[in-house]
Amino acid sequence: MGEDGAVTSAPQRPDGPTPMPRLIATDLDGTLLRDDKSVSPRTVAALAAAEEAGIEVFFVTGRPARWMDVVSDHVHGHGLAICANGAAVVDLHAGREFVQVRSLPRAAALAVVDALRTAAPGTSFAVELTTGINYEPAYPPFFKDPAAKIATAEELLKENGGAAPVLKLLAHHSELTPDEFLTLARSAAGEYASITRSSPTALLEISGHGVSKASTLALCCTQRGISPSEVVAFGDMPNDVEMLSWAGTSYAMGNAHPDVIAAASGRTVANNEDGVALVIERILAERIARQQA
């Protein structure tokens, strides 16, 4: 969900001609998805047209793999998606099977918990694993899982034989503003992990040190021989900043956070106005025009 006034006019493109990308990387919530969490028919058509033109599409999201059903039918070709802010690469064609996991070491997660309990009393935590989510009793009822284990973060993060990898630690504060909490947490615990946010509430997402949408996307692109200059990326929230800075061409949504607007090389219209589809349509139209020239 974005935090800036929506842009509803034509996209502001980066300087110079629009490059012909080999890969499109797009965030989901607040970016590709409309606010009702749907994928519009226009966006479905644009994604299919991009794949048909030989452009790979990667969904790059903070969502866990279990929340990817909303776009599973719209992944073509490779079938891969980057989830949990880069902590996992999953195969949506194979029932959300984990292809790669970049976990948060439990010792580092415990260090973050200790630091935030001191720096921001009242913080509550949840632990996202490859097997699901567990949380503290005080953690807000965002999406409660009846199968979840409820205990203190320290108890949830104890090393146990055969314990599932930790994808990310979630930290919530009921009094601080979202950006205040993010700044405070990075100062207090940034040496232990990567800390970001994508929620309009004071909810932080904490991953292994160096793990981000950008770093995992870079690994996937290296495997394919794709350079940053051949990537077009889209996003709307602070967890997209590194990815938009890394990609050769990037667009902040019209509803994007100010930090995202500053990081991107261009700006498109809001998610509810199909801003991703609009840019893809333009890229494909320019490709056809060049072929016919």
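This text walks through three parts of a predicted model: a helix, a sheet with two helices packed on it, and a single residue in a strand.

We can begin with helix α2, which covers residues 41-52. At 1.5 Å a residue, its twelve residues should span 16 Å, and since the C-alpha atoms at its ends are indeed 16 Å apart, the expected and the computed lengths agree. Within α2, the residues T43, A46, L47, A50 and E51 are buried, which is to say that each has under 20% relative accessible area. Seen down the axis of the helix, these buried residues fall within an arc of 135°, so they line one face of α2. The background to this pattern is that an α-helix has 3.6 residues a turn, so residues three or four places apart point the same way. On the other side of α2, by contrast, P41 and E52 are exposed. What, then, covers the buried residues of α2? The cover includes the strands β1 (23-26) and β2 (56-60), together with the helices α1 (28-32) and α10 (275-292). Just after α2 has ended, G54 takes a positive phi of about 90°.

The next part to look at is an open sheet of five strands, whose order is β7-β6-β8-β10-β9 and whose pairing is antiparallel. Because β7 (132-135) and β9 (194-197) stand at the edges and have a single partner strand each, one side of each is left without a neighbour in the sheet. Neighbouring strands of the sheet are turned against each other by 25° on average, if direction is ignored. At the β7 edge, strand β6 (residues 124-129) pairs with β7 in the antiparallel sense over four bridges, and here E128 stands opposite I133 in β7. Helix α4 (residues 106-119) packs on this sheet, where it touches β6, β8 (166-172) and β10 (203-207), and its direction makes about 5° with that of β8. A further helix, α6 (residues 178-189), lies across β8, β9 and β10, and it runs at about 180° to β9.

Finally, we turn to F234, which has its place in strand β11 (residues 231-235). Is this residue buried or exposed? F234 is buried, because its relative accessible area is 0%, whereas the cut-off for that word is under 20%. Leaving aside neighbours within four places in sequence, F234 is in contact with I24, A25, T26, D27, T31, M243, L244, Y251, V276 and V279. The C-alpha atoms of F234 and T268, which are 34 residues apart along the chain, are separated by 8.9 Å.

Note on methods: Residues numbered from 1 in each chain as written. Predicted model: local features only at pLDDT ≥ 70, side-chain atom pairs only at ≥ 80, totals over all residues. Heavy atoms only, no water. Helix = DSSP H or I, 4+ residues; strand = E, 2+ residues; numbered from the N terminus. Buried < 20%, exposed > 50% of the residue type's maximum accessible area, 1.4 Å probe, protein only. Contact = heavy atoms within 4.5 Å. Expected span 1.5 Å × (residues − 1). Arc of directions from axis to C-beta. Pairing = 2+ DSSP bridges. Axes fitted to C-alpha atoms, helices over the stretch in contact; angles between N-to-C directions.
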